[in-house]
Amino acid sequence: NSIIFLALDDFFARLIDERRENVEDLIQRIRNAVGPGCRVLMNSIPNLCRFMEGHLGDNSDGAVGSASEHRWKYLLCKLVAAVSSKNEPMAIFFDDLQWADETSLEVIRMMITEPDIKYCLFLCTHRIEENTPQHRMKRMFQTIQEQGVGVMSIKIGTIAKDAVNTMLSETLCLPPSLCSPLSSIIHNRTGGIILFIMNFLRSLNEEGLLWFNLSTRRWEYDIAGIQQKEVSADVVQHMSQRMKRLPRSMQFGLKLCSCLGASFDINTLRKGGPANEFDVEEFLPFSVEGGFLREDGQRRYSWAHDQVQQAAYALIPAGKRESFHLLLGSRMFMRTPDPEELTDIIFTIVGNMNQGIKQLKTRAQFHEVAKLNLKAGKIAMAASSFDSATNYLLLGVSLLNDESWESEYDLSLGIYDAVCEALYVIGDWEKMSSIIQVPLLKARCFDDKLNSYHTLVRQLIATGDVRGVIEKCKNVISELGDNFIDQVDIDEALFRRESLRVEQLLQDKSEDELISLPNMTNDRKIATMQFLNHAVSSAFVVEPLLAPILIFRMVSLSVEYGVSDVSAFAFAGYGVWLVSALKSDFEGGYRMGHVAIELNKRLGAEEGIPRIYTTVFGLINIWKMPFQASLHKHLEAYEAGKFSVDVEYTLSNLYMHATNSLYGCGDNLRGVDSTTRLFIRRCKQSKQDFLGKFICVIHEVALKLMGSTEKSYASFYDTTEERMFTDGREQGRISLCRFILFKRKYVAFFLGQMNAAADFFELGLSFPIGGGGRLVNIIVGVFIDGLIAFYYARKRRSDENRWTDIGNGVLNLMEVWAMSSDWNFGNKLFLLQAESFFLRGEERAALEKYNSSIKSAQDHRFIHEEGLAHERLASFHDHYGRRGEALSCFNAAKRCYEIWGAQAVVQRVEKAIAKLQR
C-alpha cells in the first residue's frame with residue numbers, strides 16, 4: 001500500500017513543481033470528493049497537503065471519525081476519482097502484482113471496481129512463472145469481472161532475435177549487420193529476457209569481452225570469448241554470479257538490503273549494518289551506479305528490479321539465512337529505543353525476526369518476539385492492513401503455549417483477542433471459530449472473555465446466523481447479570497409491562513434532559529448495551545416481537561445508568577416502536593428521533609451516524625416530513641459511514657434511499673435503474689450480498705415497469721427471485737419474503753394484473769410486520785392494498801363485504817396518517833376516499849376526491865401517484881359512460897407514466913385508450 005501512496009505523493013509533487021495553470025478545478029474536485037478526509041490521506045501523501053494548502057476549512061481535523069478498515073481505502077478511491085476527469089484522464093500502472101499481498105490486491109480491486117472512477121485506465125502486470133504466486137491475482141481479476149468491469153488480458157513474451165539485434169545496433173551505434181553475430185549469441189544465452197540481456201551486456205563489458213575502442217571510435221567485441229563464456233540459464237543465478245565478483249563489503253551490503261524489502265531509507269540500513277564494519281555512504285552510490293539500486297529521493301532507495309533483489313538474497317547461504325534474519329531484526333530492535341521510531345520500522349524488524357524464529361532458544365525469547373508481532377499486528381490493523389496483521393498475529397500465537405497463559409497472561413489474552421478481530425475482518429470464519437475457543441476457555445474471568453464474545457457475535461451477524469446471534473447474546477447478557485427475554489415467554493401482558501416501564505421512566509424527561517444524560521460508567525452495563533444492540537438487529541429479522549422489548553431494555557439502562565455509545569440508537573429504536581402499527585404515536589416517535597440525533601452528536605459518535613440515520617430518516621421521519629427530505633440524509637449517512645466499521649448499516653442507507661426513491665417519491669425510473677445498479681455494485685464491493693439482493697428486488701421493479709426484459713438477480717448474483725424467496729422462507733427471513741411479495745404485488749397492480757395482485761396480497765398476510773418499523777414500501781403497500789380491496793369490492797362478488805372491510809380499514813389508517821403528514825399521505829387519502837365513494841355510488845363526492853388526489857400529488861411531486869389518480873378517475877368516468885372525460889384522464893395518466901419512465905404501464909394505458917376509441 002505504501003507504494004501506491006508513494007506514487008500519488010510523487011504525482012502531487014510533480015504538479016507542484018510544474019506549477020501548472022488551471023489547477024483550481026482539480027483542487028475543487030478533490031475538496032468535493034474527499035472533503036475532510038484529505039487530512040487522513042495527508043498523513044500518507046505529504047505532498048497532497050502541500051497541494052491543498054490553504055484550500056481546506058479550519059474544521060477539517062475534527063470532521064473525521066476514528067479509523068476503520070474501510071476508511072483510507074474509500075478515501076483513496078475518492079481521491080483517484082477526483083484526480084482523473086474527462087478532460088484529464090489518468091493511467092495507473094501496477095507492476096509485479098505477483099508479489100502483492102492480499103491487502104494491496106484488495107485496494108487495487110476496490111480502485112478498479114469503484115463506480116466513481118470513470119476516467120482511469122488501469123494497467124496491471126505480473127509474471128506467470130512457476131515459482132510466483134498466482135491464485136490471489138486470478139481471484140482478484142475474477143472478482144473484478146464479476147462486478148462488471150471489462151478486463152483485457154495480453155500475454156507478453158520474450159524479445160525476438162530481430163528485436164535484440166535492433167536494440168544492440170541502436171545501443172552500440174553499429175550497423176545491424178555487424179551486431180548480428182553478437183545478438184544471435186545473446187538471444188540464445190538469455191532467451192530474449194530483457195533484464196537478462198541488459199545484465200549480460202554489463203557483465204561482458206566488465207569482463208573485457210565488449211569494449212569501446214578509442215582508436216576506431218566504436219564498440220567492439222570478442223565473439224570467440226563470448227561463445228566460450230559460461231552463462232547460467234537462470235537470470236537470478238546469473239546476477240548472483242556477477243555480484244560475487246564484487247568486494248566483500250559490497251556483497252554484504254547487498255545481502256543486508258535484500259532483507260529490508262523492496263524499498264528502504266538510509267536510516268533503516270544504518271540500523272541493520274554492523275557497527276564500524278559497513279560504510280553506508282560508500283555502498284549506496286556504488287550500488288546505484290552498478291544498477292542494483294535506484295535512489296527515489298529523500299534518501300530512500302529501491303531495487304532496480306525484483307529479480308535483482310532475489311539475486312542479492314541468493315548471496316546468503318541457504319543454511320545461514322534464518323540466523324542472518326534474526327540477527328538483523330535483533331540488531332535493528334536494539335538500536336531503536338524510541339517507541340515512535342520503532343513504530344516506523346516495526347514491520348521490517350518483525351519480518352526479519354519471524355524468518356529466524358527457528359533459531360530462538362528460550363521461552364523468554366519466544367515471548368519477546370510474540371510481543372513484537374502483537375505490536376506489528378495492532379499497527380497494521382490501525383492502518384487497515386488486516387491481512388498483514390493476521391499473519392503477524394497468527395505467528396505470534398504460534399510462539400505461545402499453555403504455560404504462556406500463566407507467565408504472560410496479558411500478552412496471551414491480547415494477542416488472541418487481536419487475531420480473532422483480524423480474522424473476523426478478513427472473513428476467515430473457519431480459522432477464527434477455532435482460535436476463539438482458546439481465550440473463551442483460558443481467560444481468567446468472564447469480563448476477559450467479552451472481547452471474544454463480541455467478535456464471535458459479529459461473525460454470526462456477518463454470516464447471517466441471526467438465530468445464533470440472539471442465542472449467544474442471551475447467554476452473554478445473562479452472565480453479565482441482566483435478564484434476557486425468551487421469544488417463548490413473550491405475551492401481551494409482558495409486552496405491556498415492559499413498554500409501561502419505559503413510558504414511566506421517560507414521562508417526566510424533556511428532550512434536553514435525555515440528551516444531557518450522564519455517561520454510563522458501569523463496564524458490565526456498557527457490555528450489556530453492546531450485546532443488546534447486536535441482538536436487536538437480528539431480532540428484527542426473525543423475531544419481530546422480541547426486538548421492541550430489547551429496545552425497551554436499552555432505553556431503561558440508558559436512563560438509569562447513563563448513556564453509552566449505542567444509547568442514541570436505543571432512543572431511535574424506541575422512536576420506531578412509537579410509530580409502529582402497535583402505537584402510531586408519530587409525535588412521540590419524531591421526538592425520540594430528534595433525541596437520538598442530538599445525543600449522537602453530543603457523544604461525538606461519528607460511527608453511529610449510519611445506524612441512526614437509517615432508523616430515524618428511514619423509519620420515523622417519513623411519518624412527519626416529506627418523503628423527499630430523507631433521500632439526501634441517507635446519502636449523507638452513507639458518506640459518513642465509509643469512515644466507520646458499521647458496513648451493514650452504512651449500506652442500509654443505500655437500501656433505504658432506493659426504497660424511498662422508487663416507492664415513496666416516484667423518482668424517474670431510468671434514474672432509479674442507474675442508482676440501484678450503482679448501489680448493488682457498492683454492496684458487492686463490500687461483500688454485503690444480503691443487502692445487495694434486497695436492492696436487486698427494487699431494481700427488478702424498475703426494470704419491470706420500464707418494460708425491460710433484463711433480470712437483475714441473474715445479472716448481479718446469478719440467482720432467481722423464486723430461489724431467493726424459497727431460501728428466505730426456509731431460513732425464516734420474514735422481511736425478505738415480505739419485501740419480494742410486495743414487489744410482486746406492486747408490479748402486478750401497476751401492470752393491471754389485478755388477480756395476481758390480490759393473490760400476492762393474500763400471501764403477504766403470512767408474513768406479519770409485528771411491532772417493527774414500517775419502511776416506505778410497507779406504507780405504500782397498505783395504500784395499494786386499499787385500492788385492490790375497493791377494486792374487488794366493486795366486483796359485487798360473494799366476498800364483497802370482506803374486501804369492503806379491508807378497504808375501509810386502510811381508509812381509516814390513512815386518515816390517521818394524513819393528520820401526521822398531509823404531504824406524504826394527503827393524495828393517498830383522497831384517492832381512497834374517492835374509491836370508497838365510487839363503491840357507494842356517491843358520484844359527486846367521488847369526483848371531488850379524485851380531483852383533490854390529483855392536485856395533492858401534483859403539489860407534492862408524486863408523479864407516479866398522480867398518474868394513478870388520473871387513471872382511477874378515467875375508470876370512474878368510463879363506468880358512467882363519459883368516454884370523452886375518460887379519454888382525457890387516460891391521456892393525462894399516460895403523460896405522468898411517461899415522465900415516470902414506466903413504459904410498460906404506458907403501453908397498458910395505451911391499450912385502454914385504443915379500446916375507448918373504437
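How many salt bridges does the count come to? With a salt bridge taken as a side-chain nitrogen of Lys or Arg within 4 Å of a carboxyl oxygen of Asp or Glu, the count comes to 39. The structure is a predicted model, in which local features need pLDDT of at least 70 and side-chain atom pairs count only at pLDDT 80 or more, while totals for chains, interfaces and linings use all residues. Residues are numbered from 1 along each chain as its sequence is written, and side-chain values use heavy atoms, with hydrogens and water left out.

A few of these charged pairs make a good starting point. Side chains of opposite charge can pair when their charged atoms come close. The side chains of R299 and E281 form one such salt bridge, at 3.5 Å from N to O. R299 sits in the loop between β6 (293-297) and β7 (300-303), whereas E281 belongs to helix α15 (residues 280-289), so this pair ties together parts that are 18 residues apart in sequence. Helices (H or I, at least four residues) and strands (E, at least two) are DSSP runs, numbered from the N terminus. R299 is partly exposed, with a relative accessible area of 36%, and E281 is also partly exposed, at 41%. Here, buried means under 20% relative accessible area, exposed over 50%, and partly exposed in between (1.4 Å probe, protein chains only).

Another salt bridge joins K583 to E503, with the closest N and O atoms 3.1 Å apart. This pair links distant parts of the chain, as K583 lies in the loop between α31 (567-579) and α32 (586-603) and E503 in helix α27 (residues 492-506), 80 residues apart. K583 is partly exposed, with a relative accessible area of 34%, and E503 is partly exposed as well, at 30%.

The pair of E721 and K743 has a buried setting. Their closest N and O atoms are 2.8 Å apart. E721 is in helix α39 (residues 721-730) and K743 in helix α40 (residues 734-750), so the salt bridge ties together parts that are 22 residues apart in sequence. E721 is buried, with a relative accessible area of 12%, and K743 is buried at 5%. Elsewhere, salt bridges that share partners join K78, E114, D116, E639 and R682 into one network.

The nonpolar interior comes next. A nonpolar core is a set of buried Ala, Val, Leu, Ile, Met, Phe, Trp, Tyr and Cys residues joined through side-chain atoms within 4.5 Å. The largest core holds 244 residues, and L269, F571, Y574 and Y746 touch the most other members. Helix α42 (residues 776-793) supplies the largest share of this core, 12 residues. Leaving aside residues up to four places away in sequence, L269 touches L256, C257, L260, F264, F278, V280, F283 and L284, where contact means heavy atoms within 4.5 Å. Apart from the largest core lies another, of 46 residues, with F11, L15, V34 and W72 among them.

What of the cysteines? A search of the whole structure finds 0 disulfides, a disulfide being a pair of cysteine sulfur atoms within 2.5 Å. C257 is in no disulfide, and the nearest cysteine sulfur, that of C259, is 9.2 Å away. C257 is buried, with a relative accessible area of 0%, whereas C49 is partly exposed at 35%.

Helix α7 (residues 135-146) offers a closer look at a single element. At 1.5 Å a residue, its 12 residues should span 16 Å, and the end C-alpha atoms are 16 Å apart, which agrees; the expected span is 1.5 Å times one less than the number of residues. Within α7, M137, M140 and I144 are buried. Seen down the axis of α7, the buried residues fall within an arc of 60 degrees, so they line one face of the helix. The arc is that of the directions from the helix axis to the C-beta atoms. An α-helix has 3.6 residues a turn, so residues three or four places apart point the same way. The cover over the buried residues of α7 includes α6 (102-113). Just after α7, G148 takes a positive phi of about 85 degrees.

Positive phi values also appear at residues that are not glycines. S584 has a positive phi of about 55 degrees; S584 lies in the loop between α31 and α32 and is partly exposed, at 24% relative accessibility. R861 has a positive phi of about 65 degrees without being a glycine. R861 is found in the loop between α45 (843-859) and α46 (863-879), and counts as exposed at 52% relative accessibility.
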